[in-house]
Amino acid sequence: MKNRKIFALLLCFLLVLQLFTLPALAEGEELSDSEETEDVEDAEDVEDTEDAAAPEEADAAENAASPSGKAPEADGVLLPPELNCKGAILVELNSDSTVFEMNADERLYPASLTKIMTCMLALEHGNLSDVITVDGALLEEMDEDSSAVGLLDGELLTLEELLYCVMVPSANDACLVVADHIGGSVDKFVEMMNQKAAELGCTGTHFVNPDGMHDDNHYTTPRDMSIITKAALESETFRTICGTSVHELPETNTSPKQMLYTTNYFLSTILTPDYYWEKVSGVKTGFTTPAGRCLVSLVDEGEYRYLSVVMGAETLYNEDGYPIYGSFTESRKLLEYGLDNFTFAAVLSHLSPIAQVSVSSGAVDSVVIAPQSDVNALLPLNYDPKKIQVDYTLDSGESLAAPLTADQVVGTATVTYEGKVVGKTGVRTIAAVERNKIMAVPTKDDPAFLRLVPLVIIVIAAILLLISWLNRRAGRKRRRRH
């Protein structure tokens, strides 16, 4: 009797053991010692590469040079410029790096910087060849001192010509005509302006009109203005118009041809030679008494594209009583600060591993991860490589789960310098990792799981039948004794 019970229990144990071994055998594959060894050797080869690549990365960082070749401050400290304005920001567009900001989120009056949004919306929603008839009623309430090109009731101009009027001489009358044409009314166009600002992620902007004439409820911030301008610069037509210094407005049905001259003295010496700077390729000026001198400028120096925003600068006067426009002097300080004191440095290479992470249910228990792509960060010219820090996060938590393919993106690497994020990229696996088919527990998405379900049912049924049979035999023996 005792032997039969032992036999029954042994049979149950064998059936349960088969529950875990059959799914692996059903694959028709055997995990050989050579396959497991190959994965481990691949990982070790990558670890050796890490040691070899690190000095190369350090050399590349040390050999990086500034665009102008100027040295940093003698004491090794990079000093920001002292600006005489209410707010400012400097952004390097290629890396989307903010390298300087002063009151960047303070609400300020933009004056005619508003026209950057007006022009962008017109290009998005209008056709440059559209012929527009000027409605004189739109111009009746314009301030007599407002900047204008003298449009007349019934005058016919294309949208393209009107946009040159908006951006080159900063004509408010052209703004109103464009807004009415694009929005159906000026008020509807202003709604479009605010909607677009919200879509771009602006948090401190509210427009009341399309031209920037002063209103206490018409405001933006230097940061928002940089966001709006960055979006506008994606249009090649916008870049052409905002970089134009002189434009000939053709003869119309009511007016002879006239020359339009830019208010951006960075672009031309025609009106004054005092501020011309050949490195500047746009963008827009602005001025009202409450807003002060405002200027958005773009410098494109190959791999460096600096966008500066200066708001609320002053108009000063020299000893001879000649005006000095602070929007230009402060913008140049800001742009030269970026050009002279920052450089791109290779801070992360896709060839250099960054960590070895654990793998669950794998043929090997770890895998090396590396950056998905190179990261070139904009850093101070005299940056300290020791202050560069690379951190990573895995999408699945603290470890990975097999199977994994080679070059599979499994997380994100973040590069910081002095606590500021300067670059990001994905992290990928160096080598593939197969599942351990013996030890791995199948999941509901695994084909082995589907084969496992009927097997579990069969084993459970067999155990129940065995128990029932043993109980019946025991019952018959008890009856015989009685």
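This passage looks at one open sheet with its packed helices, and then at the residue Gln389, in a predicted model.

The sheet is a good place to begin. Five strands make up this open sheet, and they follow the order β2-β1-β9-β8-β7 with antiparallel pairing. At its edges lie β2 (97-102) and β7 (280-288), each of which pairs on one side only. From one strand to the next, the twist averages 5 degrees. A closer look at one pair helps to make the pattern concrete: β1, which covers residues 87-92, joins β2 in the antiparallel sense over 5 bridges. Within this pair, Val91 stands opposite Thr98 in β2.

Two helices pack on the sheet. Helix α7 (residues 222-232) touches β1, β2, β7, β8 (292-301) and β9 (304-313), and the direction of α7 makes about 135 degrees with that of β9. Helix α9, spanning residues 326-341, also packs on the sheet and touches β1, β2, β7, β8 and β9. For α9, the angle with the direction of β9 is about 150 degrees.

Attention now turns to Gln389, which is found in strand β16 (residues 388-394). Is this residue buried, partly exposed or exposed? Gln389 has a relative accessible area of 44%, and it counts as partly exposed because this value falls between the 20% and 50% cut-offs. Its side chain forms a polar contact of 3.1 Å with the side chain of Asp391. Beyond its neighbours within four places in sequence, Gln389 is in contact with Thr414, Val415 and Thr416. Val347 lies 42 residues away from Gln389 along the chain, and their C-alpha atoms are separated by 9.2 Å.

Notes
Residues are numbered from 1 along each chain as its sequence is written. This is a predicted model: local features need pLDDT of at least 70, side-chain atom pairs count only at pLDDT 80 or more; totals for chains, interfaces and linings use all residues. Side-chain values use heavy atoms; hydrogens and water are left out. Helices (H or I, at least four residues) and strands (E, at least two) are DSSP runs, numbered from the N terminus. Buried means under 20% relative accessible area, exposed over 50%, partly exposed in between (1.4 Å probe, protein chains only). Contact means heavy atoms within 4.5 Å. A polar contact is a pair of N or O atoms within 3.5 Å; within protein, one must be able to donate a hydrogen and the other to accept it, and residues adjacent in sequence count only if both atoms are side-chain atoms. Two strands pair if DSSP finds at least two bridges between them. Axes are lines fitted to C-alpha atoms, for helices over the stretch in contact, and angles run from 0 to 180 degrees between N-to-C directions.
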